[in-house]
Amino acid sequence: MGLLTGTIFDRPLHCERCDRPETECQCPPVEIAPGWTDPGKQTARLSTEKRKKGKLVTLIKGLPAKENDLPKLLTQLKNACGAGGTIDGDVIELQGDQTERALKTLTQIGYRVRST
Ligand SMILES: [Zn+2]
């Protein structure tokens with residue numbers, strides 16, 4: 001009777017984000033599809049490269065295809081930049097210099113971005 005009352009064993013599970021008991025937690029669920037890595041834990045590396053005939057392409061590296069939905073990301077980036085693009089292994093390639101828009105889009109999704 002009462003000996004264990006108030007010990008940590010009585011403490012209900014608390015949410016790691018808001019520190020409320022889980023019954024009172026109102027945090028939105030984290031939207032990460034199963035199998036994918038949290039964007040906030042990854043750093044995308046943005047760079048531009050000159051191709052044949054002086055054409056510029058924007059490269060996004062550092063996001064492994066195994067851990068990210070790259071086709072979906074490419075679609076989001078193409079829409080945001082209004083440019084074509086492809087995926088080459090773990091690298092997303094956008095036509096033209098899309099550094100600014102790509103940076104904004106990636107940041108909005110939650111990625112950390114380093115521009116080189
Ligand atoms: Zn919470």
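This report describes the fold of one protein chain, moving from its overall layout to its sheet, its core and a few single residues.

## Overall layout

The structure is a predicted model, and the chain averages a pLDDT of 87, with 85% of the residues scoring at least 70. Where pLDDT is low, the predicted coordinates should not be read in detail. Among the elements of the chain, β2 has the highest mean pLDDT, at 98, while β5 has the lowest, at 94.

The secondary structure comes to 2 helices and 5 strands, and, read from the N terminus on, these elements follow the order β-β-α-β-β-α-β. Of the 116 residues in the chain, 16% count as buried. If one takes the contacts between residues at least 6 apart in sequence, 46% of them join residues that are at least 24 apart.

## The sheet

The 5 strands form an open sheet, in which they are arranged in the order β3-β4-β2-β1-β5 and the pairing is mixed. The edge strands are β3, which covers residues 85-88, and β5, since each of these pairs on one side only. From one strand to the next, the twist averages 25 degrees.

Three of the pairings are set out below, each with a count of bridges.

| Strand pair | Direction | Bridges |
|---|---|---|
| β1 and β2 | antiparallel | 6 bridges |
| β2 and β4 | antiparallel | 4 bridges |
| β3 and β4 | antiparallel | 4 bridges |

Single residues show how these strands line up. Val57 in β2 stands opposite Glu49, and Val57 also has a bridge partner in β4, namely Gln95. Further along the sheet, Gly85 has Leu94 of β4 as its bridge partner. The strands β3 and β4 form a hairpin with 2 residues between them, and Gly89, which lies in the turn, has a positive phi of about 65 degrees.

The strand β4 has two unlike faces: Ile92 and Leu94 make up the covered face, whereas Val91, Glu93 and Gln95 make up the uncovered one.

## The nonpolar core

In soluble globular proteins, nonpolar side chains tend to be buried together. In this chain the largest nonpolar core has 12 residues, namely Ala44, Leu46, Ile60, Leu63, Leu73, Leu77, Cys81, Ile92, Leu94, Ala102, Leu106 and Tyr111. The elements that give two or more residues to this core are β1 (43-50), α1 (70-81), β4 (91-95) and α2 (99-109), and α1 gives the most, with 3 residues. The two residues of the covered face of β4, Ile92 and Leu94, are both members of this core.

## The helix α2

Which residues of α2 are buried? They are Thr99, Ala102, Thr105 and Leu106. Seen down the axis of α2, these buried residues fall within an arc of 135 degrees, so they line one face of the helix. On the other side of α2, Glu100 and Gln108 are exposed. The buried residues of the helix pack against β1, β2 (56-61), α1, β4 and β5 (112-115).

Ala102 offers a closer view of this packing. Apart from residues up to four places away in sequence, Ala102 touches Leu46, Thr58, Ile60, Leu77, Cys81 and Leu94. Just after the helix α2, Gly110 takes a positive phi of about 120 degrees.

## A glycine in a loop

Gly84 is found in the loop between α1 and β3. Is Gly84 buried or exposed? With 12 other C-beta atoms within 10 Å, Gly84 is exposed, because a residue counts as exposed if 12 or fewer such atoms lie within that distance.

When its neighbours within four places in sequence are left aside, Gly84 is in contact with Lys78 and Gln95. Although Gly84 and Gln95 are 11 residues apart in sequence, they are 5.6 Å apart in space, taken from C-alpha to C-alpha. Gln95 thus appears in several places in this account: as a contact of Gly84, as the bridge partner of Val57, and as part of the uncovered face of β4.

Conventions
Residues are numbered from 1 along each chain as its sequence is written. This is a predicted model: local features need pLDDT of at least 70, side-chain atom pairs count only at pLDDT 80 or more; totals for chains, interfaces and linings use all residues. A nonpolar core is a set of buried Ala, Val, Leu, Ile, Met, Phe, Trp, Tyr and Cys residues joined through C-beta atoms within 7 Å. A residue is buried if 20 or more other C-beta atoms lie within 10 Å of its own, exposed if 12 or fewer, and partly exposed in between; C-beta atoms are placed from the backbone. Two residues are in contact if their C-beta atoms, placed from the backbone, lie within 7 Å. The arc is that of the directions from the helix axis to the C-beta atoms. Two strands pair if DSSP finds at least two bridges between them. Axes are lines fitted to C-alpha atoms, for helices over the stretch in contact, and angles run from 0 to 180 degrees between N-to-C directions. pLDDT is the predictor's confidence in each residue, from 0 to 100.
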